[in-house]
Amino acid sequence: MRASRLIRSIAVAACIVLAFEAVARLSGFLDPTDLPDPYLGFPGTSPLYRVETSDDGTAVMRRSPNKSMYRPQEFAAEKPAGEFRVFCIGGSSVRLDLFRDPDGSFSNMLELYLQGALPEGRTARVINAGGGGAGSVHNLETLREALDLQPDLLVVYPEGGEKNLIPPAPQGLMARADDASPARVLARRWLAPLRTYVAARELYDRLLPFHASTANLMSAFSAFASYALSRPFTPENFSRLFELKHDRVPPVMPHPIPAEEITHAHARFVRNLETMAELAREHGVPLLFVYPLRNIKASFYLRFHVDPSEIEPGKIAEWHRLYEEGLQSKRDGDWARAIVKLRGVRRLYVEDHDEILAFYLGECFEQLQRWGSAREEYEKPYLQHPMRALITEAATQSGVPVVDPYPHLIKIAAHGLPGYDEFSDSFHPMPSVSRIIARSILDGIRASDIVPGLAAADAPALASADQLVLRLISRCPLPLPNRMNLAIVSGDNQEAIRLGRTLPREELGDHIFEAIYLGWALSREGDVAGARDVYDALKASSWRPPSSLPPMETDEDIVINAYGGDLFSWF
Amino acid sequence: MVLTPGTSPSPELGPRAIVRLLWRELLLPAIVVFALFLIAVALIEGPPLEQFLYAVF
């Protein structure tokens with residue numbers, strides 16, 4: 001009797017859950033794609049794309065409302081016959097938010113090239129699945145979902161968002177917790193899509209006062225802006241952090257990020273790429289990895305500290321003296337002497353990981369118009385960056401082809417030195433570089449024989465597609481803050497000031513990037529009154545720096561708190 | 001009449017018996033199943049056990 005009652009109760013409970021699920025789904029109640037994503041794109045995250053009805057009544061997939069860090073996309077829920085469907089997965093360089101209209105992303109250009117290259121009767125549809133700040137954990141979840149959306153090819157462009165997976169960043173804490181409890185991850189993946197589970201989670205969040213501690217971390221730019229406005233005005237407010245790495249000796253300090261964190265995160269990165277390869281293979285879908293590109297003439301992401309153990313024992317004083325002398329010669333324009341001195345610094349390393357030193361040497365060689373040597377130095381941190389080696393390792397172990405757009409990038413850059421004409425900042429490609437990436441991927445598709453009958457590289461149809469792409473590029477304007485940044489790094493402060501002055505003073509608080517660049521350009525020009533006026537305008541605006549700021553007085557503080565402990569040199 | 005497990009409600013079922021029946025056959029299983037989901041949430045999403053106990057008690 002008891003057993004039958006228990007069975008009946010279980011059956012009733014199951015019916016209640018099913019009824020709740022059905023009613024909630026039909027009414028749109030507790031839709032995980034509408035609620036804020038508590039998993040930040042980690043396993044258990046709500047779908048990136050959801051089925052909606054288009055104006056003509058057909059079922060389409062659209063980006064979910066709570067995934068605004070990804071581009072809005074729309075594609076047929078049921079793949080039309082003949083469609084060649086590609087998902088480009090990655091971070092902000094794939095998303096390329098700066099160039100939305102017209103779409104200057106490489107995924108859009110790849111679609112145009114594929115349209116020209118595919119055999120008769122096939123159409124190309126390339127979906128931009130790049131999300132701002134996405135790392136390999138997010139990319140893996142996106143790839144899992146894409147595999148259920150009838151892909152013919154997956155392209156993964158792993159990039160700097162991986163740095164967000166290092167504690168104490170909130171996602172880093174979550175990644176470590178997930179690594180420690182795979183069962184939790186699995187359970188979340190299975191249960192999170194249930195509306196009943198969502199209801200219980202919402203209730204739990206309201207009932208329990210406990211919240212995991214999350215570090216209040218700032219992006220580099222927001223740290224720069226906060227630094228400028230959180231202290232009494234001096235002419236250095238706008239320039240100190242931007243010019244931290246301008247002809248200055250890096251501090252000798254232990255690595256701010258524990259080596260164990262780096263090793264762990266690197267292993268996770270490789271594991272995630274290998275899992276992507278395994279899943280793609282299981283589904284019979286070809287996969288390509290792409291080496292991410294970087295602006296080799298940007299010093300922002302270069303490591304600006306030297307661990308004492310990297311310098312030969314007892315040589316720190318000599319190292320410091322040579323560094324200072326080399327930089328003084330560089331400031332004086334004595335490039336040849338600067339090169340000799342700075343090379344002397346390099347000889348004092350047990351193992352040379354000094355990225356900013358290579359940058360300084362690159363600048364000296366460039367001034368001497370020794371372009372080959374300049375490139376060798378500038379590209380050293382990029383080519384030796386751990387991410388490239390890790391992508392190679394994962395690709396080799398799992399048999400995935402890797403596309404390398406870098407050799408093509410060098411060909412389009414003046415003197416073979418890709419810089420701010422090719423990148424809108426340190427990482428994000430200008431549309432002209434998106435073109436290079438798209439063409440490199442097309443070459444990769446051809447080389448891997450992924451599509452039988454793909455047109456040859458010199459086919460007229462591809463030349464027409466290239467014309468379309470070039471016309472598209474000519475219609476992509478560079479946003480104002482990037483034009484100002486470009487002017488400043490090119491030494492044209494007056495142009496940056498002119499651009500900044502196009503904004504009314506009372507609106508500067510609504511244009512924080514432009515305002516900070518304007519303050520920086522004015523400081524560089526020695527216009528202290530002008531910089532002070534920008535400072536006052538920002539102080540009077542509604543923009544407010546965070547109430548508590550980490551210390552940013554010494555170079556060491558700035559490396560740790562504004563440059564994220566030099567994380568970009570690891571990811 | 002007295003409603004015993006396994007019997008069908010008779011036409012003379014009173015309001016108290018109906019409430020008891022609804023409680024036992026519908027509400028109780030619903031509460032139990034939701035509580036199970038809450039426990040699942042606590043185990044899956046929550047902090048480590050000792051922090052969880054500290055937060056609750």
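Visitor: How many helices and strands does the secondary structure of chain B come to?

Guide: Chain B comes to two helices and zero strands, where helices (H or I, at least four residues) and strands (E, at least two) are DSSP runs, numbered from the N terminus. This is a predicted model, in which local features need pLDDT of at least 70 and side-chain atom pairs count only at pLDDT 80 or more, while totals for chains, interfaces and linings use all residues. Residues are numbered from 1 along each chain as its sequence is written, and chains are lettered from A and ligands numbered from 1 in the order in which they are written.

Visitor: Why are α1(A) and α1(B) called roughly perpendicular to each other?

Guide: Helix α1 of chain A (residues 2-27) and helix α1 of chain B (residues 15-45) pack at an angle of about 70 degrees, with their axes 9 Å apart; axes are lines fitted to C-alpha atoms, for helices over the stretch in contact, and angles run from 0 to 180 degrees between N-to-C directions. Angles under 35 degrees count as roughly parallel, over 145 as roughly antiparallel, 65 to 115 as roughly perpendicular and the rest as oblique, and α1(A) and α1(B) are therefore roughly perpendicular.

Visitor: What makes α10(A) and α11(A) roughly antiparallel?

Guide: Helix α10 (residues 316-331) and helix α11 (residues 335-347), both of chain A, pack at an angle of about 160 degrees, with axes 8 Å apart, and the pair is therefore roughly antiparallel.

Visitor: Why are α19(A) and α21(A) described as roughly parallel?

Guide: Helix α19 (residues 480-489) and helix α21 (residues 512-524) of chain A pack at about 20 degrees, with their axes 9 Å apart, and they are therefore roughly parallel to each other. Among the residues of α19(A) that meet α21(A) are Leu480(A) and Ile488(A), contact meaning that the C-beta atoms, placed from the backbone, lie within 7 Å.

Visitor: Why does Leu30(A) count as partly exposed, and why does Gln369(A) count as exposed?

Guide: A residue is buried if 20 or more other C-beta atoms lie within 10 Å of its own, exposed if 12 or fewer, and partly exposed in between. Leu30(A), in the loop between α1 and β1 (49-53) of chain A, has 19 C-beta neighbours inside 10 Å and therefore counts as partly exposed. Gln369(A), in the loop between α12 and α13 (371-378) of chain A, has 10 such neighbours and therefore counts as exposed. Phi is near 55 degrees in Leu30(A) and near 60 degrees in Gln369(A), a positive value in a residue other than glycine.

Visitor: Which residues touch the most other members of the largest nonpolar core?

Guide: In this core of 136 residues, they are Cys88(A), Leu110(A) and Val155(A), and helix α12 (residues 355-367) of chain A gives the most to the core, with eight residues. A nonpolar core is a set of buried Ala, Val, Leu, Ile, Met, Phe, Trp, Tyr and Cys residues joined through C-beta atoms within 7 Å. A second, separate core of 10 residues includes Ala192(A), Val198(A), Val33(B) and Ile44(B).

Visitor: What is omega in the peptide bond from Asp101(A) to Pro102(A)?

Guide: Omega there is near 0 degrees, and the bond is cis; Pro102(A) is found in the loop between α2 (92-95) and α3 (106-117) of chain A.

Key:
Contact = placed C-beta atoms within 7 Å.
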